[in-house]
Amino acid sequence: MKKRRSFVIALVASLMALSFGPSLVAGQEQTTIEIYFPIAVDSPITEILEEYAAAYEAENPGVDIVWSYEGGYPDVKTKLLTTMEGGGDLPELAIMLATDIYDLRNAEAIQPWDSYLSEEVLADFFPAWLANSYYDYDQDGEAELYGIPFQRSTVLLFYNRDLLSEAGLEPPTNWDELATTAQQLTTDERWGILIPNSWPYWVFQPFAIGTGQNIVSESDTEVFFNTEGVISALQFWLDLFQVYKATPEGVQSNWGDAPGLFASGDAAMIVHSTGSLPSVVQNAGFDFGVSGLPGRDGGFYTVTGGGNLYLVAGVDEATAQQAADFVAWLTSPEMAVDWSIRTGYITTRMSGLETEAWQAYIEKVPQAAEAAATIEQAGREFSVQSLAEVRDIFHGYVLRVLGGEISPEEAMAAAQQEADAILSIYGG
Amino acid sequence: MATNTLDTLRTTWTRRVRPRLKPLPYLLLLPTLYFVFLFTILPTFKVLRDSQIYYHPNRPDRALDTNLQLPGIEPMPRSIRGPHAVGFSYFRAMFDFNSEIGRQFRQVMVNTLIYVAATVPSSMLLAFVFATLVNRKVRGIGLARVAFFYPTMLPMVSAATIWLFFFTPGYGLFNSTLRFFGYSGPENWIINPSLGLWALVIVAIWKNAGYFMIFYLAGLQNLPDDVYEAASLDGANWWVKMFRITLPLLKRTTLFVSVIAIIGAFQTIDHALVMTYELVTGEADLLLYEIYQQRFVLQNYGLANALTVVMIVILLGLTLVNFLISERDEDGP
């Protein structure tokens, strides 16, 4: 009887030691940094992130990194906002779209990084990645930093070099060449070019920027839909199927299919994210190249995309500093390059391109260097106040233009008017 | 004196009805009541209250001269985020079809009505046909029943994902089949503004017919054999039996199924979230989907609550109609 009791006590004690052990050992110094993370590309993201967490925890025993996978970008944002509203436990960090900065700050969901990150670190980020990172919420003339670039991408033109040289063509360098090249490479079994455009603004922006007219400026309350450049870019999309018959007619709902169709040779060129680079590298049995989108009169243009690291509002200073230290480590040149190589996102740090790992990688995959070069050609991604509403208007009219319901001129005039009506509430 | 009267009254009352109040049943009901209150009654009142509030949490808390772009609100300097009490402005805007909110509301209601009118009768008819087909004693009929019931067992999200493949332009199964029968129209069902709603309708019919079949099958198997025997002796053919005996006897099943079908049609959102999220101008927006959009994507708090009130009123109305009809049926022959 007595023996049995002591056995039970020993069992309970060992169970308690097991469950409370680590926290007892580390004492009160243990800080947990929880990060809401959206899975947006087709790579073994969770494995990579767990590996990073383990590596950081080994160097910093006082810190516990917890990745919390929440679905896609919209899910992370919705979960953060509803958790905040309901008074639940918030994470310390969240990775959300760079373009959500205004919504998030206005909702008081995020706080500035300024006092936690050194100038040195900041100066090493490619400036293009920071185009949607600053917001002067209190209108004191000085914008605060809210988004640290993490998983970032651009829009690329993928072209099948083998098919081009068979036809005796060079990679296109302006709209005319792009259209005629696409036309010449179109056969009964193959499209000259695929531009997935069911969620159009992102793939459209490089075309608009290529005319010298982005659809947004630095301002958070201004859009430039009803402009000669934007209208002619839309007309160019129409011409690709109406005049050149080089792409499927109407709206192309083929975002997920396009990289596969390119890799199998069913499309000679596609417009897609850098995120598709690894899968195309793996599957394409031919030589291919990538570039920014040719501009109307030459030059190459693209637009930034992807997610930034945000510091959640309400995190106390000491924890925020530890979170910032982790972020500085996570976005360090070596880590940024590792992340880039393993996921297809473009490295965020300029000095990353000089690391040995990167040099060795581009030796093997020259397209990665071509993709990284597009950062210098990137314009600011579409982001304004009331983004979802304004974007819906733009999308709606672009789809109607592609569907042949309305001319580009009429569509952009109406889109401008409706967007201005919404943005007018900001006094702009 | 007053106490005396009350006492007499109480005695007569207790004597007439039941002498003892049993606390146990109420105690046992308490947890349920608590959750009904917490998850049904409380939110309903909260929604009613918040439908009269202007609140855009995604806007900066800046005071600007504005009428909030709502009817009946005077322009004055106020925060463009809110919250502001705006009374019934959202409802006024909804029923003013010249306003942006009114135009959207009308489109959403028309979509929802088309969706209900297109899915409910056809899925019920199919369900009935399936039920009569599988209501026979043949070897392997279990397999046929499973086949018809299978779509019901799939979660709506998986069903919608499967249909995304079926709807693929070019080589998708659905389009290939249609082409075989001579169809040559547009094939981008999901992204085409005039087809998106019909894509949702098709998936819903495919998904629900098997479910409703179960009710019809149960109804058919409960029908008395002697009636059919008598009819056969009288020389009634299949047609007469179907329309004079089976259908009238299944009236209650039909009523029940139609009510759950209509309520279900108002409540579906999953397949819309999976399939038509790329349609942005409301061509295929159903009421519940629109509420989700307004609340979580566009962050228009007051309008989302006002739309929820409309939803509650509609569902309450349907429940009431169902209740009245079944009560009347109960009293009748």
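In this predicted model, the C-alpha centres of domain 1 and domain 2 of chain A lie 27 Å apart. The bounds, which come from an automatic or database domain assignment, give domain 1 as 30–152 + 305–379 and domain 2 as 154–303 + 382–426. Local features need pLDDT of at least 70 and side-chain atom pairs count only at pLDDT 80 or more, while totals for chains, interfaces and linings use all residues. Residues are numbered from 1 along each chain as its sequence is written, with chains lettered from A and ligands numbered from 1 in the order in which they are written.

Let us look at how the two domains meet. Their contact takes 22 residues from domain 1 of chain A and 28 residues from domain 2 of chain A, where two residues are in contact if their C-beta atoms, placed from the backbone, lie within 7 Å. On the domain 1 side, helix 4 (101–106), helix 15 (366–373) and strand 13 (378–379) of chain A each supply at least two residues. Here helices (H or I, at least four residues) and strands (E, at least two) are DSSP runs, numbered from the N terminus. Helix 15 of chain A gives the most to that side, with four residues. By class, the domain 1 side has 10 nonpolar, nine polar and three charged residues; Ala, Val, Leu, Ile, Met, Phe, Trp, Tyr, Cys and Pro count as nonpolar, Asp, Glu, Lys and Arg as charged, and the others, Gly among them, as polar.

Helix 15 of chain A deserves another look. Its buried residues are Gln367(A), Ala368(A) and Ala371(A), buried meaning that 20 or more other C-beta atoms, placed from the backbone, lie within 10 Å of a residue's own. Seen down the axis of helix 15 of chain A, these fall within an arc of 105°, so they line one face of the helix; the arc is that of the directions from the helix axis to the C-beta atoms. They pack against strand 7 (147–160), helix 11 (277–283), strand 10 (288–291) and helix 14 (356–364) of chain A.

Now step back to the whole chain. Chain A comes to 17 helices and 13 strands, and 46% of its 428 residues count as buried. Its C-alpha atoms fill a box of roughly 90 × 55 × 45 Å, taken along the principal axes.

Finally, chain A has a partner. The contact between the chains takes 20 residues from chain B and 21 residues from chain A. On the chain B side, strand 2 (63–66) and helix 13 (287–297) of chain B each supply at least two residues.

Note on methods:
Buried ≥ 20, exposed ≤ 12 C-beta atoms within 10 Å, placed from the backbone.
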